[in-house]
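Good morning, colleagues. I should like to take you through one structure today, beginning with the overall picture and then turning to a sheet and its surroundings.

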Amino acid sequence: METIPKTAENPRVLVVFKDPGHRLLAHEVLKKHFSTPFQETLVSSLQEAIELLEEGSKSFSLIIFEHSGTSQALIRLLVQFGGQVDYILCTKEESPSSIFKFDVPMEFATPGNDSSIQAALKKIEISKDKKNTTNLALDYVGVRGDILSSMNPLRIDVYIKMQDGRFIKVYKNGDAISKADIEKYRSSGFFLKKSEYDDLLTAQVKKVEALTEEENLSDEKVKETVHESQEMIRDIVGEMGFTPEAQNIARASVAMTMKLIGSRPRLSAIFQELKSIEGTYVSSHSVVLGKLACALAYRLGWSSASTFLKLSMAAFLHDIALKDDNLARETSYKNAVAKQRYSQEDLKILRFHPAKAAEYTRQFNEVPSDVDQIVAQHHERPDGSGFPRGMTAQFISPLSALFIIAHEMMEFPTIFPDLPIEKFFEVREHDFNAGQFRKIFAAIKNDTKLI
Ligand SMILES: [Fe+2]
Ligand SMILES: [Fe+2]
């Protein structure tokens, strides 16, 4: 899928040089090169750069770095975590293009030589200009087949991209499409016209708001609509970040879920619901999780509207960086690796989806401050066996701890299909026997009268 060139709008550059003089030189070259304001991050080692990328708290459109040794392993890691951005590798090698072959756009320059870095920057821009004139990538947005299947009949024209960069319409607004229709073009990917897509997003906000107004809000309808909203947002954030339209959809969907949850959510009702799900993964994962997290919070006496908002928002956003339901089902990174079913790319997506989703959350205007933290920590475990950071209990916030417990509880019927959900508090007690986790567990376990 074509990514939209970011350098043309808002260049974010990571500069990696050990020599402070080389860093300064790169800074001067960049200042001269970009006519628009740009952001730069300067670090002194590849190790430092990889850690920064691994964390996922910052994203870049260009990485300029230096290679002085013979090992390519660090470069491989840099490229793995940096992803599909532009790279300029400064190296003293005679013919670097024959030595350094990576599946990303990479230009070469000589370390400490400003004109060679300038030339590399120009080359990147020329190749981008060429791409922009030969296709209309900026007018279209790539979407997955899933969003089309959640919209039947279609409410928008659907295009595919030809090899020469042109887009052709394959289905039109109003068409009823079958699974086979979607499969037919799934591998080449689907595209929608951006202008029409914006209308569709506005319509989705209206739909959610109208539903929220309904007096007897139906549980099934909420789940279905939240799922639809998430499908749309997943595609947008991946391509364009959390745009205002995507934020409106998220806000409206969270408000709707909160209305469904109410101000006094009963744990017993959620237990019944979890039993009826019978261990299968549901597309309404986030709605059920929001309900469960709020019901647990209510039992702990954390029943303010702002706590419910934080938990519902975190539930809506926590897996927004995952496009694959199979990956969303994995609660342990180690288990996912052991299954040997996933590609390296999938595992990387799984490992960093909490950090990525937290990054999206921070792009959200007016989001309560703890939400990104809950999202970032939702796969951490009290003993440090979680991911992506392997944090231990003392570093995990109380609200995150509650959210983690709720998330694990949802998986309980899958892992122990023969045990009643109430047994969760006995069976998993030893896993959550530290810090905030212990307190939360004890409070819920000892207070049985509300179940
Ligand atoms: Fe997750
Ligand atoms: Fe999840």
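Of the 451 residues of the protein, what percentage count as buried? The figure is 36%. Please bear in mind throughout that we are looking at a predicted model.

Let me begin with the overall dimensions. The radius of gyration is 24 Å, and a compact globule with 451 residues would have one near 22 Å, so the two values agree. Taken along the principal axes, the box filled by the C-alpha atoms is roughly 75 × 55 × 40 Å. As for secondary structure, the protein contains 20 helices and nine strands. Among the contacts with a separation of 6 or more, 67% come from residues 24 or more positions apart.

I now turn to the sheet. Five strands make up an open sheet with parallel pairing, and their order is 2-1-3-4-5. Which strands stand at the edges? They are strand 2, residues 39-43, and strand 5, residues 106-109. Each of these has a single partner strand, and therefore one side of each is left without a neighbour in the sheet. On average, neighbouring strands of this sheet are turned by 20° against each other, with direction ignored.

Strand 1 deserves a closer look. Strand 1 comprises residues 12-16 and is joined by four bridges to strand 3, residues 62-67, the two running parallel. Within that pairing, V15 has I64 of strand 3 as its bridge partner. Strand 1 is also joined to strand 2, here by five bridges, and this pair likewise runs parallel. In this second pairing, V13 stands opposite E40 of strand 2. Between these two strands the chain passes through helix 1, and the resulting β-α-β crossover from strand 1 to strand 2 is right-handed.

How is strand 1 placed with respect to burial, mostly covered or mostly open? Strand 1 is mostly covered, with four of its five residues buried. For this audience I give the cut-off: a residue counts as buried if 20 or more other C-beta atoms lie within 10 Å of its own.

Finally, helix 1. Helix 1 spans residues 20-33 and lies across strand 1, strand 2 and strand 3. Relative to strand 1, helix 1 runs at about 155°.

Thank you for your attention.

Key:
Residues numbered from 1 in each chain as written. Chains lettered and ligands numbered in written order. Predicted model: local features only at pLDDT ≥ 70, side-chain atom pairs only at ≥ 80, totals over all residues. Pairing = 2+ DSSP bridges. Axes fitted to C-alpha atoms, helices over the stretch in contact; angles between N-to-C directions. Contact = placed C-beta atoms within 7 Å. Rg over C-alpha atoms; globule rule 2.2 N^0.38 Å. Buried ≥ 20, exposed ≤ 12 C-beta atoms within 10 Å, placed from the backbone. Right-handed = clockwise from strand over helix to strand, strands pointing away.
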